[in-house]
Amino acid sequence: MARPGITYEQVQNAADTLVGRGDKPTIQAVRTEIGSGSPNTIHRHLTAWRAAQAPTKREAAKLPDELAAALADEIERQASAARAAAEAATLEAQQSADELAETGEALEQQAEELSVQVEELENERNRVTGERDEARSALAEFRERVRELETQRDDARQQLAEARNRITTLTEQRDEARTAHSHAEQTAADAESARIAAERTQAVAEARLEAAQEQARERAEALKTEQAARQQDAEQYRAELAEQRNECRERVNAAERRAENAQQVAQHAENARGKAEAQVEALTARVQALEAEQGKQAD
């Protein structure tokens, strides 16, 4: 919005004040006296003020009438010519000054309007600059957020890849566990079959052992009974031979031969009993070995 211009009265009062102080009322002096104002406006009002001033009366010199009349006519003629030329020049200068003043005022008005527009443009520029700075800040924050989201995306991709690898590893481990379980079941079945076979073998061995032990006991008892009987017979024979020694030596010799035969039979029986006991020990060792093998398979 344009500033209001100064008035003619302000310029007139300032010019009168300057003249009263004995100063020349120039455009700059009037502007300083008023405190503000456009130089073109001051020039226009100051020109009007000068035109309104009455010319100063001068005291004429006392000359002879003829000389004075002739001088007056010449002065009047030259003055008229000079006044006409001055008036023409003044009029032309006034017209030029008025035109310049009007042009200056128009330019000042345009300058004021341009100043307002510049101020508005500066305000708009400041507003746009603020919006630009805010947009740049928002853009920087958005880019930072995008970088954070990209980092989170990369982390999520890494975690997904690790999870997939873990799933693959777990799947392989599950397949291996299934295979190992199948092998373990097969091994357990084989071990169960071996255990059953071992139990059957052990049962057969135990039956055989019991039979052998029973047979050995029976043979031992028989040998003991036979040996006891033979010893009793031998003693009886010796007693009879002692009683009948004198009567029949030949019978004694025969009895001695029978006694020797009985001892041989007893020796053979003893040997047979030792063999039976050795067989029993061998069978016992075999059973213990089978039991140990079965214990290892069960572990």
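This briefing walks through the helices, salt bridges, second largest pocket and a few spatial pairings of the structure above. The model is a predicted one, so please read every value here as computed from its atoms. The protein has five helices and zero strands, and its pattern along the sequence reads α-α-α-α-α. Of its 299 residues, 14% are buried.

**Overall picture**

- With five helices and zero strands, the elements run α-α-α-α-α along the sequence.
- Buried residues account for 14% of the 299 residues in the protein.
- Taking the contacts between residues at least 6 apart in sequence, 63% of them join residues at least 24 apart.

**Helix α1 and its neighbours**

- Helix α1 covers residues 8-21, which makes 14 residues.
- From its first C-alpha to its last, α1 reaches 20 Å, close to the 20 Å expected at 1.5 Å a residue.
- Four residues of α1 are buried, namely Val 11, Ala 14, Ala 15 and Leu 18.
- Looking down the axis of α1, the buried residues fall within an arc of 100 degrees, so they line one face of the helix.
- What do the buried residues of α1 pack against? Their partners are α2 (27-34) and α3 (39-51).
- Just after α1 comes Gly 22, and its phi is positive, near 85 degrees.

**Salt bridges in helix α4**

- How many salt bridges does a search of the whole structure find? The search finds twelve, and three that join residues of helix α4 are described here, beginning with Glu 144 and Arg 147.
- The side chains of Glu 144 and Arg 147 meet at 2.5 Å, N to O.
- Glu 144 and Arg 147 are three residues apart in helix α4 (residues 65-243), so about one helical turn separates them.
- Both ends of this bridge are partly exposed: Glu 144 has a relative accessible area of 35%, and Arg 147 has one of 44%.
- Glu 148 forms a salt bridge with Arg 145, and their closest N and O atoms are 3.4 Å apart.
- Because Glu 148 and Arg 145 are three residues apart in helix α4, they too are separated by about one helical turn.
- Glu 148 is partly exposed at a relative accessible area of 35%, and Arg 145 is partly exposed at 42%.
- Further along the chain, Glu 214 forms a salt bridge with Arg 217, with the closest N and O atoms 2.5 Å apart.
- Glu 214 counts as partly exposed at 36% relative accessibility, as does Arg 217 at 45%.
- Glu 214 and Arg 217 are three residues apart in helix α4, so the separation is about one helical turn.

**A salt-bridge network**

- Which residues are joined into one network by salt bridges that share partners? They are Arg 21, Asp 23 and Glu 33.

**The second largest pocket**

- The second largest pocket holds about 190 Å³ of space.
- Twelve residues line this pocket, and the closest to its centre are Gln 227, Gln 231, Ala 262, Gln 263 and Ala 266.
- Which elements give two or more residues to the lining of the second largest pocket? They are α4 and α5 (249-298).

**Pairs apart in sequence**

- Ala 203 lies in helix α4 and counts as partly exposed at 42% relative accessibility.
- Ala 203 and Val 287 are 84 residues apart in sequence, and their C-alpha atoms are 9.4 Å apart in space.
- Asn 40 sits in helix α3 and counts as partly exposed at 25% relative accessibility. The cut-off for buried is under 20% relative accessible area, so a value of 25% falls outside that class.
- How far apart are the C-alpha atoms of Asn 40 and Ile 27, which are 13 residues apart along the chain? The separation is 8.7 Å.

Conventions:
Residues are numbered from 1 along each chain as its sequence is written. This is a predicted model: local features need pLDDT of at least 70, side-chain atom pairs count only at pLDDT 80 or more; totals for chains, interfaces and linings use all residues. Side-chain values use heavy atoms; hydrogens and water are left out. The expected span of a helix is 1.5 Å times one less than its number of residues. Buried means under 20% relative accessible area, exposed over 50%, partly exposed in between (1.4 Å probe, protein chains only). The arc is that of the directions from the helix axis to the C-beta atoms. Contact means heavy atoms within 4.5 Å. A salt bridge is a side-chain nitrogen of Lys or Arg within 4 Å of a carboxyl oxygen of Asp or Glu. On a 1 Å grid over the protein atoms alone, a cavity is a set of points where a 1.4 Å probe fits but cannot get out, and a pocket is an open set with protein on both sides within 12 Å along at least five of seven lines; lining residues have an atom within 4 Å of a point. Grid points are joined across faces, edges and corners, and a volume is the space filled by probe spheres set on the points.
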